[in-house]
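Reader: Hi! I'm new to looking at protein structures. Could you walk me through this one?

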Amino acid sequence: MSDHLILRIVGKFLIPYILLFGLYVQFHGDFGPGGGFQAGVIFASAFVIHTLLFGLESAERIAPQWVLKIVAASGVLIYALVGVAAMLMGGNYLDYDFLAADPIAGQHIGIILVEFGVGLTVASVMMLLFFTFAGRGEAS
Amino acid sequence: MLAHLPVLVILAPLLGAPVASLLRGPNWPWLLATLLSWFALLCSVLLLIQVNAQGTFIYTMGGWEAPWGIEYRIDFANALLLVLITGLASVVLPYARLSVEHEIGADRCPLFYTALLLLILGLCGITVTGDAFNVFVFLEVSSLATYTLIAMGRDRRALTASFSYLIMGTIGATFYLIGVGFLYVMTGTLNMADLAERLPAISDSSTVRTAFAFIVTGICLKLALFPLHLWLPNAYTYSPSAVTAFLGATATKVAVYVLIRFVFTIFGVEFSFGAEPLAEVLVPLAIIGLLSASTVSIMQPNIKRMLAYSSVAQIGYIVLGLAMGTAMGLTASLLHVFNHGLMKGALFMVMGAVAYRMGGTSIDDMRGLAKTMPLTFWAFVLGGLSLIGVPLTVGFVSKWHLILASLELGWWPVVVAILAGSMLAVVYVGRVVEAGFFGEPKDATKREAPWGLLVPLWVLVIANIWFGIDTRLTVDIAEAAAAQLMAGGVVR
């Protein structure tokens, strides 16, 4: 892709905004439309563009597969442990009311953490899926 | 902690799966998964005791009251299923260490145990939840894990087996979802108890009837009722031995539970058997299924495949029981769900031990097994006797109840079919036993399977005998569950 200069330059220009938009969708999720799933996909799509324009090797230097695997697993763990935390603080599983003294604040904390976990897992699993398929042709 | 029991069963595999995927080597993920499955079994047994003492157990997820939130609702039927799932997991996982390392390779072990924990999570989730859409979510969790586990088989045909199960399983899940969607349109609720309250008033509409047809067909695909069973033989034959043992014992049984839940609790006996011709459709299919699958299994050269066809036949017995629409039939059906789990688990574990030593599961590998691997061979004999339904084994208990239920209705031809099915089982089990006793070993230098495989295997074999003699536990719970289910949905 080295001869696609325009694509590369436009891509370089776009990628930060895509990442930023992903973060916006992630952290605005508890006030408006959005949330971890959509944000994760948007965030991962920036890496997909990067891979298409600069190659798999470059993308895997930024996000090595072993890191992505850890992130994917820890996202699920964050989700599950928020539920456990609510349980330890006296509520039912995933009952965010108990996460803070004020139930409404508790709901905010709970949903932000859970959606963060979802975002981490979705983004890293999307990247892993794409890298796996993108790497197939080179391996064989 | 007792108040949190239903969620602890789910939580153990949910927390274990991501951790297992990060661990290295074959042994740590295995140890984690085994300990968690024992913990889940403990929780399930405590849950069963609680249900027995205090009645239906309700847990509201996140503190959101039903019908708006998701509730976990445990009565006798799902408590029994939970004990079956976690119990089998607790036996299969210790067995898996040697078998999986041998068949899959040490490097893929962490992912294997991650998928197995997710499978346990999905199956337990389907069982505990009181929300029709939540069932679909857990169904997908368990199905995706199953596709992965089947594809890990040594044989490359495991890939096509997994793919065809993926297609069939997805069609089944989609049909289920379409049905649930129709119900949601008609009632505005997804909560099972709430659905059961609202449906009788509108049960005359064609949308509800269509929903019923979609849901029953979709679930019958997942539980492999004849003629929707075509995915099952290959999936069971080519997946790793430990996976076959666990799937054969639990996966289709959980689908049976969902069918029971919808037919009896949500739609109700009057609608399912009165307004809809459920018995007229399911009884013939079940009987054709149990006779034809038993016949086909006689001709299988691969014993794992033979047992897979036998599973299709046993599903026939189970569906036959519930399709009678009586308390006795339902008792027999639930009993056979539990008992068939015990016997098929044991038999598939025998095949795993044979594959471990002999490298294959064909009838030639079984020849002379009484001389080379006597303990494994006798486990097969006892499991086979249980499959046939010989007295003092669990197979007898459930078939006895099934025959009593058909006699109660005066269905003589059905009794004949059940007995004929047992005769066919004598033939296909007898064929293998004969080869094991009188055949010449392919390789006389082979020795008995290692203790790591034999101990879990014999635990299940002894359970087959134990629950065949001491029927108080299983029969009482199955009867209580059937009475609860027949009384109709809403047990407040």
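Reader: What radius of gyration does chain B have, and what would a compact globule have?
Author: Good place to start! Bear in mind that this is a predicted model. Chain B has a radius of gyration of 21 Å, and a compact globule with 492 residues would be near 23 Å, so the two agree. Along its principal axes, the C-alpha atoms of chain B fill a box of roughly 70 × 55 × 40 Å.

Reader: Cool. How much of chain B is buried?
Author: Buried residues account for 63% of its 492 residues.

Reader: And how many helices and strands are in there?
Author: Chain B has 21 helices and 2 strands.

Reader: Let's pick a pair. At what angle do helix 6 and helix 7 of chain B cross?
Author: Helix 6 (residues 157–187) and helix 7 (residues 192–202) of chain B cross at roughly 75 degrees, with their axes coming within 10 Å. That angle is why the two helices of chain B count as roughly perpendicular.

Reader: Which residues make that contact?
Author: Helix 6 of chain B brings B:Leu183, B:Met186 and B:Thr187, while helix 7 of chain B brings B:Leu195, B:Arg198, B:Leu199 and B:Ile202. By type, they divide into 5 nonpolar, 1 polar and 1 charged.

Reader: Switching to chain A: is A:Lys69 buried, exposed or partly exposed, and why?
Author: A:Lys69 counts as partly exposed because it has 18 C-beta neighbours inside 10 Å; a buried residue needs 20 or more. A:Lys69 belongs to helix 4 (residues 65–88) of chain A.

Reader: How far is A:Lys69 from A:Leu128?
Author: They are 59 residues apart in sequence, but 7.8 Å apart in space, C-alpha to C-alpha.

Definitions and conventions
Residues numbered from 1 in each chain as written. Chains lettered and ligands numbered in written order. Predicted model: local features only at pLDDT ≥ 70, side-chain atom pairs only at ≥ 80, totals over all residues. Helix = DSSP H or I, 4+ residues; strand = E, 2+ residues; numbered from the N terminus. Buried ≥ 20, exposed ≤ 12 C-beta atoms within 10 Å, placed from the backbone. Axes fitted to C-alpha atoms, helices over the stretch in contact; angles between N-to-C directions. Parallel < 35°, antiparallel > 145°, perpendicular 65-115°, else oblique. Contact = placed C-beta atoms within 7 Å. Nonpolar A, V, L, I, M, F, W, Y, C, P; charged D, E, K, R; others polar. Rg over C-alpha atoms; globule rule 2.2 N^0.38 Å.
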